[in-house]
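Q: Please take a close look at one part of this model: the largest nonpolar core. Describe its make-up and its place in the fold.

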Amino acid sequence: MINFKTPYWLLEETLLENNLKILANIKERTGVKILLALKGYALWQSFPLVSQYLDGCCASGLHEAKLSDEKFKKELHTYSPAFKEEDIEEIATISKHLIFNSPSQLRRFSTLAKEYNSKLSIGLRVNPEYSKSPVELYNPCGLYSRLGTTIANFDETLLERLDGLHFHALCEQDSSALEKVLEAFEDKFGKYLKDMKWVNFGGGHHITRKGYDIEKLISILNEFKNRYPHLQIYLELGEAVGWETGTLVSSVLDIVHNGIDIAILNTSAEAHMPDTIIMPYRAEVRGADEAGKKSYTYRLAGNTCLAGDVMGDYSFDKPLEIGDRIIFEDQMHYTMVKATTFNGISMPSIIIKRKDGRVEVVKEFGYEEFRDRLS
Ligand SMILES: *Cc1c(COP(=O)(O)O)cnc(C)c1O
């Protein structure tokens with residue numbers, strides 16, 4: 001790997017397949033269908049592998065829907081906080097499920113959408129108003145949330161148009177959190193389920209994380225199925241698919257000193273790993289520990305001119321030198337899909353280590369990506 005020019009994202013397909021096998025096992029033991037949430041992971045050069053295990057994609061609008069149609073080709077479920085009229089024809093034509101966020105969107109577009117695709121299955125996202133999301137930014141059921149219809153706004157005259165209900169209320173959570181959300185969901189919306197064909201439990205299920213209680217998930221799903229045997233259950237997972245399947249590899253460009261030692265890297269927290277700043281969270285660095293634990297501590301920082309473009313403080317066994325590789329762990333989800341060319345810095349290349357050991361550079365970025373986003 002030493003020869004590849006940094007920075008680059010490196011997906012390891014073997015690790016991806018390990019996650020997919022965990023998900024396939026859940027499908028087998030419960031009959032649920034599992035979709036890939038493109039919002040979190042959309043490295044389509046790996047879709048030939050992902051589509052062997054998962055049932056399709058969930059998209060949040062026209063562009064993700066088109067990507068699923070072109071590159072994944074299985075079931076496509078499209079939900080958007082608010083659809084635009086000009087997109088409905090194309091989305092309806094390629095989708096299997098179309099899920100609306102509000103009664104008003106459902107009233108405006110469901111009949112039109114069915115004209116474009118008579119087999120389209122129509123759903124409504126509801127807000128169960130229960131969530132213990134650890135971070136408010138990622139809490140779809142937080143105060144004043146626009147995501148999903150609350151029971152107070154639910155209108156029973158819509159029932160005749162509906163084939164399914166959808167909720168998405170979790171963020172990086174365990175099956176015990178799902179259990180609580182389901183209670184709230186059934187409490188509020190359970191009476192409508194007899195008229196439905198499917199129910200979608202959204203994402204945020206951290207299934208592939210070590211320690212996630214998979215057996216509990218399986219019993220929750222099977223118990224739900226026993227209560228509502230006529231319903232097809234769907235999960236739509238982003239993070240759990242890409243979880244710990246690859247790295248972001250960068251190099252030290254310079255080391256400066258201002259009270260502490262600071263290593264400037266050829267990648268950026270702001271542009272390439274934005275959740276480290278937004279969420280925020282601390283990315284693991286291979287071979288490094290928390291500040292002060294090992295002998296040599298550095299602040300790792302990006303090469304943009306944003307003062308806060310900092311990944312965090314890390315300690316190493318040996319002093320860092322210019323040219324050393326810094327490898328950030330678990331950088332496949334919510335990174336590439338969010339990355340920008342802010343400040344004109346180049347996006348990391350994308351490299352895939354295939355199952356047979358071949359290493360392929362599938363994408364390199366240059367000046368053109370920066371220029372062509374602007375005009
Ligand atoms: C973000 C999102 C998902 C995927 O969430 P993960 O936390 O990545 O599993 C699924 N469904 C909807 C509606 C979402 O907004």
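A: A nonpolar core is a set of buried Ala, Val, Leu, Ile, Met, Phe, Trp, Tyr and Cys residues joined through side-chain atoms within 4.5 Å. Buried means under 20% relative accessible area, exposed over 50%, and partly exposed in between, with a 1.4 Å probe and protein chains only. The model is predicted: local features need pLDDT of at least 70, side-chain atom pairs count only at pLDDT 80 or more, and totals for chains, interfaces and linings use all residues. Numbering runs from 1 along each chain as its sequence is written, and side-chain values use heavy atoms, leaving out hydrogens and water.

The largest nonpolar core holds 94 residues. Leu36, Leu54, Leu165, Phe201, Leu300 and Phe328 touch the most other members. Helix α6 (residues 175-189) gives the most to this core, with 6 residues. Helices here are DSSP runs (H or I, at least four residues) and strands likewise (E, at least two), numbered from the N terminus. Domain 1 (31-242) and domain 2 (246-331 + 339-373) both contribute residues, so this core lies between them. The domain bounds come from an automatic or database domain assignment.

Now take leucine 300. Not counting residues up to four places away in sequence, its contacts (heavy atoms within 4.5 Å) include Ala263, Leu265, Val285, Val310 and Met311. Gly312, Tyr314, Phe316, Leu320, Ile326 and Phe328 are also touched by leucine 300.

A second, separate core has 8 residues. Among them are Ala37, Tyr79, Trp198 and Tyr234.

Serine 268 sits in the loop between β11 (260-265) and α9 (269-272). Serine 268 counts as buried because its relative accessibility is 0%. Its contacts, with the same sequence exclusion, include Met273, Gly302, Asp309, Met311 and Ile345.
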